[in-house]
Amino acid sequence: MLEMFKTFDLNVNGVTLHGCAGGEGTPLLLLHGHPQTHAIWHRVAPGLKDHFHVVMVDLRGYGHSSKPPGDVEHETYSKRVMALDLVALMTAFGFERFAVLAHDRGARVAHRLCLDHPERVERAMFLDIAPTLDMYERTNRAFASAYFHWFMLIQPAPLPERLIEANPRAWIDGVMGNRHAGLAPFSDEALEAYREAMALPGTAHAMCEDYRAANTIDPRHDRLDRDAGHRIQCPLRVLWGEHGVIEKLFDPMALWQACALEVSGRALPCGHYLPEERPDDIIDEALTFFNASAGAV
């Protein structure tokens with residue numbers, strides 16, 4: 001799917017990160033979400049490679065990147081540590097400043113990256129998320145029903161891991177197929193890549209630890225920043241699906257305006273998986289936003 005890009009496996013921050021990179025221009029880091037891999041960008045990255053040096057990576061715990069065991073405090077999969085992975089990765093590529101385009105869990109890591117390392121991020125675009133702290137603090141029956149996996153995956157090990165490992169394919173097809181458009185937006189090749197990655201040893205545990213961190217250590221970090229008045233410094237673009245949970249249950253523009261100094265955004269006519277449901281829109285948005293001068297969008 002991404003044959004025009006060069007595969008890499010780089011040792012950074014105590015883990016090996018797998019992905020692919022290539023293209024011409026300023027650096028642009030692409031981050032995937034749950035339960036996927038960097039393959040989510042297979043319809044977007046080819047349209048960006050003539051304008052940006054694109055770096056696509058599997059987050060720690062996902063795909064073919066390292067899956068270290070979790071710890072009692074879930075720090076190993078905190079967004080702070082995962083953001084450090086990405087800083088080290090981009091440094092290894094020789095990029096001191098870069099832009100970020102991130103979906104779902106990747107956007108939560110990107111949020112922390114923008115807060116902890118503002119000097120490194122030029123611009124950021126988040127796809128189909130509201131801030132983690134707000135989503136947990138505003139939990140109601142509708143949200144818990146729609147995002148059941150947020151509450152299943154945070155249960156103590158090893159119960160959720162064993163349930164997923166019993167049938168990894170069912171987890172991929174069930175979680176992804178129960179959204180707005182079912183499995184129709186996904187190519188057969190991409191689905192097989194996600195299923196194969198989900199079945200790798202350690203993936204279920206790492207994924208659960210990602211969510212356990214989001215329920216424990218990550219909100220503590222977020223609350224400290226919010227109480228101190230720390231906000232995202234770079235221009236932020238937020239996009240979400242008009243048929244998704246974010247649109248139905250949250251006010252993403254208002255929530256992100258409380259977290260960043262400069263925010264723009266809109267809904268797209270799709271569900272949760274914007275890079276695979278509306279790739280041409282994401283390409284157009286990226287070309288416009290990441291090439292704009294500060295304040296132009």
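Start by selecting β5 (98-103) and strand β6 (residues 121-127) in this predicted model. These two strands run parallel, and five bridges join them. To see one bridge, pick Phe98: its partner in β6 is Val121.

**The whole sheet**

Now widen the selection to the full sheet. What order do its strands follow? Eight strands make up an open sheet, arranged β1-β2-β4-β3-β5-β6-β7-β8, and their pairing is mixed. Look next at the edges, where you will find β1 and β8 (263-268). Each of these has a single partner strand, so one side of each has no neighbour in the sheet. Follow the sheet from one strand to the next and the twist averages 20°.

**Two helices on the sheet**

Select α1 (79-92). This helix packs on the sheet, touching β1, β2 (15-23), β3 (26-31), β4 and β5. The direction of α1 makes about 120° with that of β1. Then add helix α2 (residues 105-116), which also packs on the sheet and touches β3, β5 and β6. Its direction is at about 145° to that of β5.

**Aromatic pairs**

Time to show the rings. A pair of aromatic rings is described by the distance of the centres and the angle of the planes. How many aromatic pairs does a search of the whole structure find? The search finds 14.

Begin with Phe8 and Phe93. Their ring centres are 5.2 Å apart and their planes meet at 80°, so this pair is edge-to-face; the cut-off for that label is over 60 degrees. Phe8 lies in strand β1 (residues 6-12), while Phe93 is in the loop between α1 and β5, so the pair ties together parts that are 85 residues apart in sequence. Are these two residues buried or exposed? Phe8 is buried, with a relative accessible area of 8%, whereas Phe93 counts as partly exposed at 26%.

Move on to Phe52 and Phe290, another edge-to-face pair, with 6.2 Å from centre to centre and 85° between the planes. Phe52 belongs to strand β4 (residues 52-57) and Phe290 to helix α14 (residues 279-290), so parts 238 residues apart in sequence are tied together here. Phe52 is buried, with 1% relative accessible area, and Phe290 is also counted as buried, at 10%.

For a group of rings, select Tyr136, Phe143, Tyr147, Trp150, Phe151 and Phe250 together. Ring pairs link these residues into a cluster.

**Arginines over rings**

Which ring does Arg105 lie over? Zoom in on Tyr211: Arg105 lies over its face, at 3.7 Å from the ring centre. Then go to Phe289, where Arg123 lies over the face of the ring, at 4.7 Å from its centre.

**A loop residue**

Select Ser187 in the loop between α7 (168-177) and α8 (188-198). With a relative accessible area of 19%, Ser187 is buried; the cut-off for buried is under 20%. Leaving aside residues up to four places away in sequence, Ser187 touches Met1, His42 and Arg43.

**An annotated stretch**

Finally, select residues 27-278. In an unreviewed entry, UniProt places the feature "domain: AB hydrolase-1" there. Over this stretch the chain is 44% helix and 14% strand. Show the C-alpha atoms at its two ends and you will find them 22 Å apart.

Technical notes: Residues are numbered from 1 along each chain as its sequence is written. This is a predicted model: local features need pLDDT of at least 70, side-chain atom pairs count only at pLDDT 80 or more; totals for chains, interfaces and linings use all residues. Side-chain values use heavy atoms; hydrogens and water are left out. Rings of Phe, Tyr and Trp (its six-membered ring) pair if their centres lie within 6.5 Å; planes under 30 degrees apart count as stacked, over 60 as edge-to-face and the rest as tilted. Helices (H or I, at least four residues) and strands (E, at least two) are DSSP runs, numbered from the N terminus. Buried means under 20% relative accessible area, exposed over 50%, partly exposed in between (1.4 Å probe, protein chains only). A charge sits over a ring if NZ of Lys or CZ of Arg is within 6 Å of the ring centre and within 35 degrees of the ring normal. UniProt positions are given in the numbering used here, feature names are shortened, and annotations may be inferred rather than shown by experiment. Two strands pair if DSSP finds at least two bridges between them. Axes are lines fitted to C-alpha atoms, for helices over the stretch in contact, and angles run from 0 to 180 degrees between N-to-C directions. Contact means heavy atoms within 4.5 Å.
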